[in-house]
Amino acid sequence: VERMRALGAPLRTDTGAAAEFRLPLADVSLPALGIPPSFIAVIPGARWDTKRWPLDRYTEIVRRLLQRGESVLLLGSADEKPLCDHLASALDISDRPAPVALVNLAGKTDLPTLIAILTRARFIIANDSGPLHVATALGVTALSLYGPTDPAFVGPYGQLANTLRHDVPCFPCRNRECSHHSCMNGIPVELVWEKTQSLLKH
């Protein structure tokens with residue numbers, strides 16, 4: 001964001017002013033989509049496989065959120081729908097009291113609808129992905145999980161304090177393929193849950 005804004009300096013634009021993000025916003029009714037009024041968005045996908053935190057760990061985080069009485073919304077692209085379907089199928093929420101809910105909208109939202117939904121999230125948990133950066137542009141608190149990419153270079157704008165990563169000798173490789181995924185595998189569930197609880201308090 002800072003690099004792109006710097007291009008305006010020769011035109012005497014004020015690059016020190018607060019950044020404004022103009023995004024298309026749809027008129028969306030949360031109840032019509034089955035979304036409760038208070039929810040946490042979880043986005044387990046990413047364009048690169050190397051950017052994805054293990055799905056079983058995301059599942060455990062969602063399980064704990066539901067046990068706390070939080071409602072969770074799963075989001076992702078059409079390509080990531082099987083990922084979210086698998087996560088949802090691994091959880092049984094039939095014994096959860098209303099209004100606790102697990103809603104899976106992966107593959108069911110266009111960009112304006114996704115933006116409208118993200119504006120209303122209490123906070124999100126996501127890998128380095130498009131929706132993560134959309135959420136931070138909207139000013140939504142985001143807990144982000146980083147692996148092969150450097151958050152100091154491409155991190156969530158203004159929210160580096162909420163970024164978790166595991167240091168490995170090959171960081172930052174920026175590789176789309178990897179034989180060991182040690183950077184993402186090195187982020188433990190307990191660390192993510194500790195940060196999640198901290199965000200829930202605030």
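Start by selecting helix H2 and helix H3 (residues 81–89): their axes come within 10 Å and cross at roughly 50°. Axes here are lines fitted to C-alpha atoms, for helices over the stretch in contact, and angles run from 0 to 180 degrees between N-to-C directions. H2 and H3 are therefore oblique to each other; angles under 35 degrees count as roughly parallel, over 145 as roughly antiparallel, 65 to 115 as roughly perpendicular and the rest as oblique. Helices (H or I, at least four residues) and strands (E, at least two) are DSSP runs, numbered from the N terminus.

You are looking at a predicted model, in which local features need pLDDT of at least 70 and side-chain atom pairs count only at pLDDT 80 or more, while totals for chains, interfaces and linings use all residues. Residues are numbered from 1 along each chain as its sequence is written, and side-chain values use heavy atoms, with hydrogens and water left out.

Now show the side chains between H2 and H3. H2 passes H3 in a right-handed crossing (left-handed if the near helix is turned anticlockwise from the far one by less than a right angle, right-handed if clockwise). Leu55, Tyr58, Thr59 and Val62 of H2 meet Leu83, His86 and Leu87 of H3, where contact means heavy atoms within 4.5 Å. That contact has five nonpolar, two polar and no charged residues. Ala, Val, Leu, Ile, Met, Phe, Trp, Tyr, Cys and Pro count as nonpolar, Asp, Glu, Lys and Arg as charged, and the others, Gly among them, as polar.

Keep H2 (residues 55–67) and add helix H8 (residues 189–201): this pair packs at an angle of about 35°, with axes 10 Å apart. The crossing of H2 past H8 is right-handed. On the H2 side, pick Arg57, Glu60, Ile61, Arg64 and Leu65; on H8, pick Val189, Glu190, Val192, Trp193, Thr196 and Leu200. Colour these by class and you should find six nonpolar, one polar and four charged residues.

Next, select H4 and H5, which pack at about 55° with their axes 10 Å apart. That angle makes H4 oblique to H5. Leu114, Ile115 and Leu118 of H4 touch Pro131, Val134 and Ala135 of H5, a contact of six nonpolar, no polar and no charged residues.

Stay with H5 for the pockets. On a 1 Å grid over the protein atoms alone, a pocket is an open set of points where a 1.4 Å probe fits, with protein on both sides within 12 Å along at least five of seven lines; lining residues have an atom within 4 Å of a point. Grid points are joined across faces, edges and corners, and a volume is the space filled by probe spheres set on the points.

The largest pocket has a volume of about 510 Å³. Of its 24 lining residues, Val1, His133, Phe153, Val154 and Gly155 are the closest to the centre. Helix H1 (2–6), helix H5 (130–137) and helix H6 (151–154) each supply at least two lining residues.

The second largest pocket holds about 310 Å³. Among its 17 lining residues, select Arg47, Gly76, Ser77, Glu80 and Pro131, which lie nearest the centre. H4 (111–118) and H5 each give two or more residues to this lining.

Finish with two backbone stops. Pro172, in the loop between strand E6 (163–165) and helix H7 (182–185), follows Phe171 through a cis peptide bond with omega near -10°. Arg12, in the loop between H1 and strand E1 (40–43), has a positive phi near 65°.
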